[in-house]
Amino acid sequence: MRGASTCNRGTTVVCLLLCVVCVLTTGLQVDAAGPQTEIVTEEVAAAAGVTPATAGDVEYRAFPVVGSRVAIWVVAQLHLMFAAFVLAVPMFALIIEFIGYRTGDKRYDALAHEFTKLLSVSFSFTATLGALLTFMLVILYPRLTQYMMAIFSWTFFPYALLFFAEAGFLYTYYYGWGKFSPRVHLALGLGLNIVGTALMFIANAWLAFMNSPNGISESGALVNVWEAIDNFIWMPINVHRVIANVAFGGSIGAAYAAYKFLGAQSDEERAHYDWMGYVGNVVAISALLPLPFAGYWLGKEVYAYSQSLGITLMGGTFSWLFIIQAVLIGNLFLAANYYLWVGMERIEGAERFRKFIKYLLASVTICFLVWATPHSLVASIAEARKMGGAHHPAMGVLGVMSAKNTAVNILILTTFLSFLLYRRGNKEATVSWAKTGNTIQFATFVTVVAFVVFLGVYGYFVEAKVRIGLSVPQVLSVLLAMAVVTAIDIPMFKNARIRGSIDWGKMPARSQYALFFIAITFAWTMGLMGYVRAGLRQHWHVYGVMRDTSVDAFTPTLGFAAGVVSVTVLIFFTFIAIVFWLSGLTSKKDWQAERLDVPT
Amino acid sequence: MTALKILIFTVGVVAFYAYVGQMVPQKETHPPENTEIRADMTTDEMVEVGKEIAGGKGTCLTCHTIGSQEAGRFPDLAGIGDKASTRKAGMSALDYLAESIYDPNAHVTEGFLPGMPPIHKPPIGLSDGEILTVVAYLQSLGSTPTVTMETRLLGAGQEADAASDVAPVATTSPGEADAAKALLTSYMCITCHKLDGPEKLVGPSLHDAGARLNRAALYESILDPDATVATGFPPGVMTVTLKGMGFYDKVSVDELKLMVSFLASLKGE
């Protein structure tokens, strides 16, 4: 175990150095060469004896077999997945640790510690993949890299410093567990989260700039570096990623618990990992619920930056991608609800809610179908023939955004309701106003669902300008409903009568596969949405500023993209399996040589 | 055994999603190709080319429909050749169509939100000639096209320079600008060229050098001054002067780059 830890730390230090050297050397390369890619004709250059740095002359280099784009795509996606996990775990570990600190319940502290065991190895993977990505960008896309360096050169220094700070906080947080006072340790966790989030915000500025460049002149020259950072989609991407990271991290944590649950040797172990899986899943689903709202904001800002970019996203080339996304998100909601419903079987007293499950399932299914109904604003003739027109032959006009927005909002409310019933499983409110509280909660649900449906139907009868704006009151009313119901629920069940116990560990194996399913689906969704965010630029490296003139300057088919995403997800889970295995070594007994009875 | 089950399950779920990805329509989208614009095209030919550009490089039909009954995000273009004359009081149909393209948010049709990008600029970046053909096509929708390749549209002549195949370059920082000015002074360039005003000295003013010349031309004008001589100025003077003072022996690559970067940033503003 000690050997593994030392090796792990050693690897991390090497990766850290690699990253920093890489970032600094690339930055220096640009500075030394000055503003790059001047249009120096060969004759002029020869006349002056000017030989621009060879890097400036090479626009692209080819990666063997799969090509540069696929190579960068896979490595970038793997880096993002690990980075998301490494940023997310400290967030909910800190919250769980804080709960343990406030309640004095040691189980929470142990759970938070167990989650952070996954961090150490994952951080090494993240750093290694980040260094690899940087090298590959410099080698395969020198022209783009140099331009980005010219724009963002000053962001690399704080990035490198923050990276060191994150390593410091992370290892102190992990190895210092139980070695400091709880407050100091919580402060370390807070520092880790702040530094990690700041790192992500910087990196987000680079990629967001490529989609919605800002702070530059018409010819692409830098005018204001802060404006380049604070471009149109930077903050929506930041918010969306923070939430999505938590959802993703929670699901991977739950998958780890499921893996341990399935291999558990004792009831005690099973009970522990059942609980851990439940917590991880609650984290994932709690973050999933507001995620579509962050997605709306991001989409809105894409439209605000460029209507044509927005329409390419939602109604053009990528419109079919959102049907795949609907299948993924629908499956996520379905699996999350399923896990909760199965989980109710181990709660004594929850049987009184079983009769509602069929209605919840019907709601989830109907919403899923509506959301996944295709409708292409600019359907090609071939597409239209396949669908029998611009609308789906069976689901008809339910494929438009008015219906989809309505469906996804009701889907969120249904999942919230499932969680509410799960939470109440073995509890009975004893407060005098319980009946009134339930009535208000019920009325809130009914009113908001009616309001959301009304707006959805109304959207069919108004012009586009009005229709686009209807999604905002739909979203706000759903958020309001969840806030009101929660605000009533917490005091109503504060000193509730406990009807029975929760038999942790008494979960069928299929429930654990639901947790795997959720983690895989999250990873696949991340890959797909990462593709659309980058692919949206189509034949531009930096939208409207720097064209992609490489052999890959075309948007591949969705089938091809799905293939790349699938391979990436499989590689990711192979790496994650290694992380799980390495993390599990810490609980194994130290190796000892077999004692031999040697005759004296 | 458990690990094997998990592996099979993982591969199965991923394979299912890969399969879903194959089930949707498959289409590769390639960058728009340039359409040949000839100066001798007839109006009918312009309509055909304009139709092609509207559906392709111009990306007009990504947002606009033609003859759709649904309320879209942008106005339907059916009959626009006729309607254009009534959209904006006091403006002819041709001028309205031209303004809609070069300055699309100057007038926004009732019931719609602003948001159309000027299509003569990147990322769409149609040339004036291509826009003429698109206007011919739009006129053909509900009216008889009147434009020819000689027609000068309202707002034409402001094509963006940035075809953007070439990486843009950051402007010089204040420190670099000072260093470049010091170099131009030490090499006595400012004896013959003015940097801060349009007045001519022995040579033309450089206060708008970046607006008149691209970086290649700036390099050329320093390294081979007689290759292109500004109208009204005698050839040979600069070459003799620079050679006489040993400029080409002294100047370094970095100094040259710095001066060209600085001159490229002078737009005459």
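**View 1. Helix 6 of chain B and the glycine that follows.** Right after helix 6 of chain B, B:Gly142 adopts a positive phi of about 100 degrees. Keep in mind that this is a predicted model. Helix 6 itself covers residues 128-140 of chain B, and its length checks out: 13 residues at 1.5 Å a residue should span 18 Å, and the end C-alpha atoms are indeed 18 Å apart. Ten of those 13 residues are buried, so the rest of the structure largely encloses this helix. The buried set runs through B:Glu130, B:Ile131, B:Leu132, B:Thr133, B:Val134, B:Val135, B:Ala136, B:Tyr137, B:Leu138 and B:Gln139. Part of the cover comes from chain B's own helix 2 (43-55), helix 4 (80-87) and helix 5 (93-102).

**View 2. Helix 13 of chain B.** How far does helix 13 of chain B reach from its first C-alpha to its last? The answer is 16 Å for twelve residues (253-264), close to the 16 Å expected at 1.5 Å a residue. Nine of the twelve are buried, so helix 13 of chain B is also a helix largely enclosed by the rest of the structure. Those buried residues are B:Leu256, B:Lys257, B:Leu258, B:Met259, B:Val260, B:Ser261, B:Phe262, B:Leu263 and B:Ala264. For orientation, the domain assignment splits chain B into domain 1 (43-140) and domain 2 (174-264). The C-alpha centres of domain 1 and domain 2 of chain B sit 44 Å apart.

**View 3. The nonpolar cores.** In soluble globular proteins, nonpolar side chains tend to be buried together. Which residues touch the most other members of the largest nonpolar core? Among its 172 residues, that role goes to A:Ile518 and A:Ala519. The top contributor is helix 4 (residues 68-103) of chain A, with 20 residues. Both domains of chain A take part, since at least three core residues come from each of domain 1 (2-347 + 502-584) and domain 2 (348-501). Zooming in on A:Ala519, and skipping residues up to four places away in sequence, you find it touching A:Ser251, A:Ile252, A:Ala254 and A:Ala255. Apart from the largest core there is another one, of 28 residues, including B:Ile53, B:Ile80, B:Tyr102 and B:Ile131.

**View 4. Helix 4 against helix 10 in chain A.** Two packed helices are described by the angle between their axes and the distance between the axes. Here helix 4 of chain A and helix 10 (residues 234-262) of chain A pack at about 85 degrees, with axes 8 Å apart. That angle makes helix 4 of chain A roughly perpendicular to helix 10 of chain A. On the helix 4 side, the contact is made by A:Ala84, A:Phe85, A:Leu87, A:Ala88, A:Val89, A:Met91 and A:Phe92. Helix 10 of chain A answers with A:Asn245, A:Val246, A:Phe248, A:Gly249, A:Gly250, A:Ile252 and A:Gly253. As backdrop, chain A holds 21 helices and four strands, and 48% of its 600 residues count as buried. Among its contacts between residues at least 6 apart in sequence, 80% join residues at least 24 apart.

**View 5. Where the two domains of chain A touch.** The domain assignment gives chain A a domain 1 in two segments (2-347 + 502-584) and a domain 2 (348-501). How many residues are in contact across the boundary? There are 24 from domain 1 of chain A and 27 from domain 2 of chain A. On the domain 1 side, helix 12 (291-305) and helix 14 (321-343) of chain A are the elements that give two or more residues. Helix 14 of chain A supplies the largest share of that side, eleven residues.

**View 6. A:Val302, a buried residue in helix 12.** A:Val302 belongs to helix 12 of chain A. It is buried, with 23 other C-beta atoms within 10 Å. A:Phe232 is 70 residues away from A:Val302 in sequence, yet their C-alpha atoms are 7.3 Å apart. Beyond its neighbours within four places in sequence, A:Val302 is in contact with A:Ile233, A:Leu309, A:Gly310 and A:Leu313.

**View 7. A:Gly215, out in a loop.** Look for A:Gly215 in the loop between helix 8 (182-211) and helix 9 (225-229) of chain A. With 16 C-beta neighbours inside 10 Å, A:Gly215 counts as partly exposed. Setting aside its neighbours within four places in sequence, A:Gly215 is in contact with A:Leu222, A:Val223, A:Asn224, A:Val225, A:Trp226, A:Glu227 and A:Ala228. The C-alpha of A:Leu137, 78 residues apart from A:Gly215 along the chain, is separated from that of A:Gly215 by 23 Å.

Notes. Residues are numbered from 1 along each chain as its sequence is written. Chains are lettered from A and ligands numbered from 1 in the order in which they are written. Domain bounds come from an automatic or database domain assignment. The expected span of a helix is 1.5 Å times one less than its number of residues. A residue is buried if 20 or more other C-beta atoms lie within 10 Å of its own, exposed if 12 or fewer, and partly exposed in between; C-beta atoms are placed from the backbone. Two residues are in contact if their C-beta atoms, placed from the backbone, lie within 7 Å. A nonpolar core is a set of buried Ala, Val, Leu, Ile, Met, Phe, Trp, Tyr and Cys residues joined through C-beta atoms within 7 Å. Axes are lines fitted to C-alpha atoms, for helices over the stretch in contact, and angles run from 0 to 180 degrees between N-to-C directions. Angles under 35 degrees count as roughly parallel, over 145 as roughly antiparallel, 65 to 115 as roughly perpendicular and the rest as oblique.
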